[in-house]
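Got your viewer open? Let's take a walk through this protein, one selection at a time.

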Amino acid sequence: MSESVRAFFDDLTHGGGRMLRQVSGSVRFDLVHARGVDHWLVTIDQGRITVSQGGAVTADTVIGADETLFLRMAHGEIKPLSAWLRNDFTADGEFRFVIMLERLFAPPKGAHHPRDAATMPSAEPA
């Protein structure tokens, strides 16, 4: 397993639930790499997130992805829903957790929250 993957899941437990206050359930990530498959279970209870690594336990949704693709989504380089629609990763279980991935992962580079964008000065017309 890469240190980047471990760092992502460690960071997730330290404030990753800020946008998930009304969400409860579990998502297992099966991350494929050259040495095999790592299983990560993310449990969300009203925004409180816990993460465990290990065996292939049951979950509400199971995401199967290449580790490299996962890290690109985690860093905001690829939007999870678009990647799923392209069949870049698999998802079994409750679809709402596929949509929720957008909240778990970093926003795309240069993205602004709509409230912040509304208050940004606009360019004057020429």
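Start by selecting Gln46: does this residue count as buried, partly exposed or exposed? With a relative accessibility of 42%, Gln46 counts as partly exposed, because that value falls between the 20% and 50% cut-offs. Keep in mind that you're looking at a predicted model. We'll come back to Gln46 in a moment.

**Stop 1: the whole thing**

Zoom out and switch to a cartoon view. You should find five helices and five strands. Follow the chain along its sequence and the pattern reads α-β-β-β-β-α-α-β-α-α. The protein has 126 residues, and 37% of them are buried. Turn on the surface if you like: the accessible surface comes to about 7,700 Å², and 53% of that belongs to carbon and sulfur atoms.

Now colour by confidence. The average pLDDT is 84, with 79% of the residues scoring at least 70. Among the elements, strand E4 (residues 61-66) has the highest mean, 96, while helix H5 (residues 114-119) has the lowest, 64.

**Stop 2: a hairpin and its turn**

Back to Gln46. Gln46 sits in the loop between strand E2 (36-45) and strand E3 (48-53). Select both strands: E2 and E3 pair in the antiparallel sense over six bridges. Together they form a hairpin with two residues between them. For one of the bridges, click on Asp45, whose partner in E3 is Arg48.

What about the backbone at Gln46? Its phi is positive, about 50°, although Gln46 is not a glycine.

Another residue to click on is Asn87. Where is Asn87 found? Look in the loop between helix H3 (80-85) and strand E5 (90-93). Asn87 also has a positive phi, about 65°, and is not a glycine either. Asn87 counts as exposed, because its relative accessibility is 61% and the cut-off for exposed is over 50%.

**Stop 3: the aromatic rings**

Hide the surface and show the side chains of Phe, Tyr and Trp. How many aromatic pairs does the structure hold? There are nine. Take Phe8 and Phe9 as an example: their ring centres are 5.1 Å apart and their planes meet at 75°, so this pair is edge-to-face. Both residues are buried, Phe8 with a relative accessible area of 12% and Phe9 with 1%.

Keep Phe8 selected and add Phe70. Here the ring centres are 5.3 Å apart and the planes are at 85°, so this pair is edge-to-face too. Trace the chain between the two and you'll see that the pair links distant parts of it: Phe8 is in helix H1 (residues 3-12), Phe70 is in helix H2 (residues 67-74), and they are 62 residues apart. Phe70 is buried, at 1% relative accessible area.

Now select the whole cluster that ring pairs link together: Phe8, Phe9, Phe29, Trp40, Phe70 and Phe105.

**Stop 4: the core**

Which residues have the most contacts inside the largest nonpolar core? They are Phe9, Phe29 and Phe70, in a core of 29 residues. H1, strand E1 (24-33), E2, E4, H2 and helix H4 (96-104) each supply at least two residues of this core.

Centre the view on Phe29 and show what surrounds it. Leaving out residues up to four places away in sequence, Phe29 touches several residues, among them Phe9, Trp40, Ile63, Phe70, Leu101 and Phe105.

Contacts across the chain turn up in the overall count as well: among contacts between residues at least 6 apart in sequence, 62% join residues at least 24 apart.

**Stop 5: helix H2 and a visitor from the start of the chain**

Select H2. This helix is mostly covered, with six of its eight residues buried. They are Glu67, Leu69, Phe70, Leu71, Met73 and Ala74. What do these buried residues pack against? Their packing partners are H1, E1, E2, E4 and H3.

For the last click, go to Ser2, in the segment before H1. Is Ser2 buried or exposed? Ser2 counts as buried, because its relative accessibility is 18% and buried means under 20%. Setting aside neighbours within four places in sequence, Ser2 is in contact with Arg35, Glu67 and Leu71. Glu67 and Leu71 are also among the buried residues of H2, which brings you back to the helix you just selected.

Technical notes:
Residues are numbered from 1 along each chain as its sequence is written. This is a predicted model: local features need pLDDT of at least 70, side-chain atom pairs count only at pLDDT 80 or more; totals for chains, interfaces and linings use all residues. Side-chain values use heavy atoms; hydrogens and water are left out. Rings of Phe, Tyr and Trp (its six-membered ring) pair if their centres lie within 6.5 Å; planes under 30 degrees apart count as stacked, over 60 as edge-to-face and the rest as tilted. Buried means under 20% relative accessible area, exposed over 50%, partly exposed in between (1.4 Å probe, protein chains only). Helices (H or I, at least four residues) and strands (E, at least two) are DSSP runs, numbered from the N terminus. pLDDT is the predictor's confidence in each residue, from 0 to 100. A nonpolar core is a set of buried Ala, Val, Leu, Ile, Met, Phe, Trp, Tyr and Cys residues joined through side-chain atoms within 4.5 Å. Contact means heavy atoms within 4.5 Å. Accessible areas come from the Shrake-Rupley method with a 1.4 Å probe; for residues, only the protein chains shown count as cover. Two strands pair if DSSP finds at least two bridges between them.
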